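Biologist: Thanks for sitting down with me over this one. Could you pull it up so that we can go through it together?

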Amino acid sequence: MVDFEYIRKKHLIEGWSIRKIAKHLGISRQTVRKAVSSSEVPKYRLKKGRPATVFEPYRNTVQYWLEADVQAPQKQRHTAKRIYDRLVAEYDFQGSYSTVRRWVSRLKETTKEPFIPLTADFGEQAQVDWGQARVRIGGVLTAVHLFCLRMRASGVPFAWAYPTEKWEAFLDGHCRAFEWLGGVPWECVYDNPKTAVTKILAGPEREEHVWLSSLRAHYLFDSAFCAPAKGNEKGSVENLVGYVRRNALVPVPDVGSWEELNEHVLLGWCQRERAQKAPLWEQEHQALRTLPTHSFKPARPHFLKVGRLGLVHFDHNRYSVPTRLIGQTVRLDAWATHVEIYDGEQRIAKHDRHHGRKETLLSLEHYLEALVYKPRAAKNAKVVRDLPEIYQKVRVALCRQRPDGYRDFVKILLLHREFSPDDVMEALERALENDTIRSVEIRQWLLNQRRDTLSAVDVPEALDTVRVNPPDLERFDLLLGRTGS
């Protein structure tokens, strides 16, 4: 390679002629002139593409495959290896894999999908999506599902964590988001989650789930859906999922409960984000639809028959109800965090919802009536064995004292109808300490405690001055036509 710097210095500084430089270096005068006219080293530029003798007959076919890939799922598109295999198998291609790889790389440059910047008016659009993260809840590393909503114009985010992405969580997420925003966007954009779409039709048409239609009818917003595998059409919230993980959940939170995670970690972060976008948020908030006067119930009803054990089966788990309802049909309302069970319009049970399998959730009050008629079952009843350790100590002590000690133990359990669990546990601890484990004495101590509590209540000054005269019982004799003796 000729040293262009040497040529330019000889000509421009030392005054050598082009002829002299060419003769001295043994190069053409044309090369010297190029060096003198520009300091840029000349490069060879291919004016006409190299011929693709082997590949040329298949160029249009491969181009068609690559163009069709634009509509295919991201992870199911042609690679150079797959194109080579198809050319060999279907067209008896005689060229090498390296040839195909080189030309596929060039053709892909001409088939890249264009992207267009999107925007929306204030209040016009919110984008909704699910994401996942890991959080320590009660010391256990737990996978949580993040319901994420972001207003398109202002960028204000909302995030709430759930154990699953089931329908109840999908509904509850919308209700909480709209309540926190203080209004309803005119349109919500989704991809195509099974919780929202039952069937994808041609173009933008979808068969929506009936519960999404109910939610829209209540809040009066429109729904729009991305093309299949086109999450980039709602890129604002797609980015939000990662943004929440990186900013709100780093380092990995260590919380005591789901409530702490949502109320303090996620919602606190959302409020700080909203404060940073205050000028835009004010305009967004003013453009939102007004919230309905009454709230939407994000729970799905299920009608279930009560089994012989006083349990209803729902979502692979079992929940207890009062045993008097065995054999009857009850309504179970499934919420994202709990279940409520109704007999007609009366709520008869409420349990925390579990999302595992083969779990049984029992409530002592549901079995008290049955234990009155079957007191011996208290020795081995699961609902009794699940009670705190103090109950087990009392049960064992009573059964050791006398063979029918379980009867007195059932009377102790029945105290839950009159007194709170905390008070009963305190009474049992006192009874064990004093070695006076008898239902009569425990109940009397609880009554005395209640009486002392009531007497210690402060009487308001306005009531303290009120005096009530004692009744004149002779007036009853007058009503009966009697006279005093």
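Biologist: Let's begin with a charged pair: which residue forms a salt bridge with Asp315?

Modeller: Happy to help, and please keep in mind that this is a predicted model. Side chains of opposite charge can pair when their charged atoms come close. For Asp315, the closest N and O atoms of the pair are 3.1 Å apart, and the partner is Arg353.

Biologist: How many residues apart in sequence are the parts that this pair ties together?

Modeller: Asp315 and Arg353 form a salt bridge. Asp315 sits in the loop between strand E10 (311-314) and strand E11 (317-320), while Arg353 is in the loop between strand E14 (346-352) and strand E15 (360-361), so the pair ties together parts separated in sequence by 38 residues.

Biologist: Is Arg353 buried or exposed?

Modeller: Let's take the partner beforehand: Asp315 has 22% relative accessibility and therefore counts as partly exposed. For Arg353 the relative accessible area is 8%, and the cut-off for buried is under 20%, so Arg353 is buried.

Biologist: Now the start of the chain: which residue does Lys10 meet in a salt bridge, and how is that residue classed?

Modeller: Lys10 itself counts as buried, because its relative accessibility is 14%. Its side chain meets that of Glu14, with 3.0 Å from N to O. Glu14 has a relative accessible area of 47%, so the class of Glu14 is partly exposed.

Biologist: And what is the N to O distance in the salt bridge of Lys382 and Asp386?

Modeller: Lys382 is partly exposed, with a relative accessible area of 46%. Asp386 counts as partly exposed too, at 48% relative accessibility. Their side chains meet in a salt bridge, and the N to O distance is 2.9 Å.

Biologist: Which residues are joined into one network by salt bridges that share partners?

Modeller: The structure holds 16 salt bridges. One of them is the pair of Asp315 and Arg353. Salt bridges with shared partners make one network, whose members are Lys166, Glu168, Asp315 and Arg353.

Biologist: Moving to the strands around Asp315, which strands stand at the edges of the open sheet?

Modeller: Strands of a sheet pair through backbone hydrogen bonds, either parallel or antiparallel. This open sheet has three strands in the order E10-E11-E15, with mixed pairing. Two strands have a single partner strand each, so one side of each lacks a neighbour in the sheet; these edge strands are E10 and E15.

Biologist: Which residue in E15 does Tyr319 stand opposite?

Modeller: E11 and E15 run parallel and are joined by two bridges. Tyr319 stands opposite a residue of E15, namely Leu361.

Biologist: How many residues of strand E3 are buried?

Modeller: Look at the two faces of E3 in turn. On one side Pro157, Ala159 and Ala161 are buried, and on the other Phe158, Trp160 and Tyr162 are buried. Strand E3 covers residues 157-162, and the buried count is six of its six residues.

Biologist: Which residue takes a positive phi in the hairpin of E2 and E3?

Modeller: Strand E2 (residues 140-151) pairs with E3 in the antiparallel sense, over six bridges. In that pairing, Arg150 stands opposite Pro157. Five residues lie between the strands of the hairpin, and the one with a positive phi near 80 degrees is Gly155.

Biologist: Which residues does Glu273 touch, leaving aside residues up to four places away in sequence?

Modeller: Glu273 belongs to helix H10 (residues 258-276), and its relative accessible area is 7%, so Glu273 is buried. Its C-alpha is 6.8 Å from that of Val156, although the two are 117 residues apart in sequence. With residues up to four places away set aside, the residues touched are Pro157 and Tyr243.

Biologist: Last stop, the surface: which residues form a nonpolar patch with Leu480?

Modeller: Leu480 is in the segment after helix H19 (474-479). Its relative accessibility is 59%, which means that Leu480 counts as exposed. The patch has about 390 Å² of accessible area together, and the residues that join Leu480 in it are Phe476 and Leu479.

Terms used:
Residues are numbered from 1 along each chain as its sequence is written. This is a predicted model: local features need pLDDT of at least 70, side-chain atom pairs count only at pLDDT 80 or more; totals for chains, interfaces and linings use all residues. Side-chain values use heavy atoms; hydrogens and water are left out. Patches are made of residues with over 30% relative accessible area and no salt bridge: like charges are joined within 9 Å, nonpolar side chains (Val, Leu, Ile, Met, Phe, Trp, Tyr) within 5 Å. Accessible areas come from the Shrake-Rupley method with a 1.4 Å probe; for residues, only the protein chains shown count as cover. A salt bridge is a side-chain nitrogen of Lys or Arg within 4 Å of a carboxyl oxygen of Asp or Glu. Helices (H or I, at least four residues) and strands (E, at least two) are DSSP runs, numbered from the N terminus. Buried means under 20% relative accessible area, exposed over 50%, partly exposed in between (1.4 Å probe, protein chains only). Two strands pair if DSSP finds at least two bridges between them. Contact means heavy atoms within 4.5 Å.
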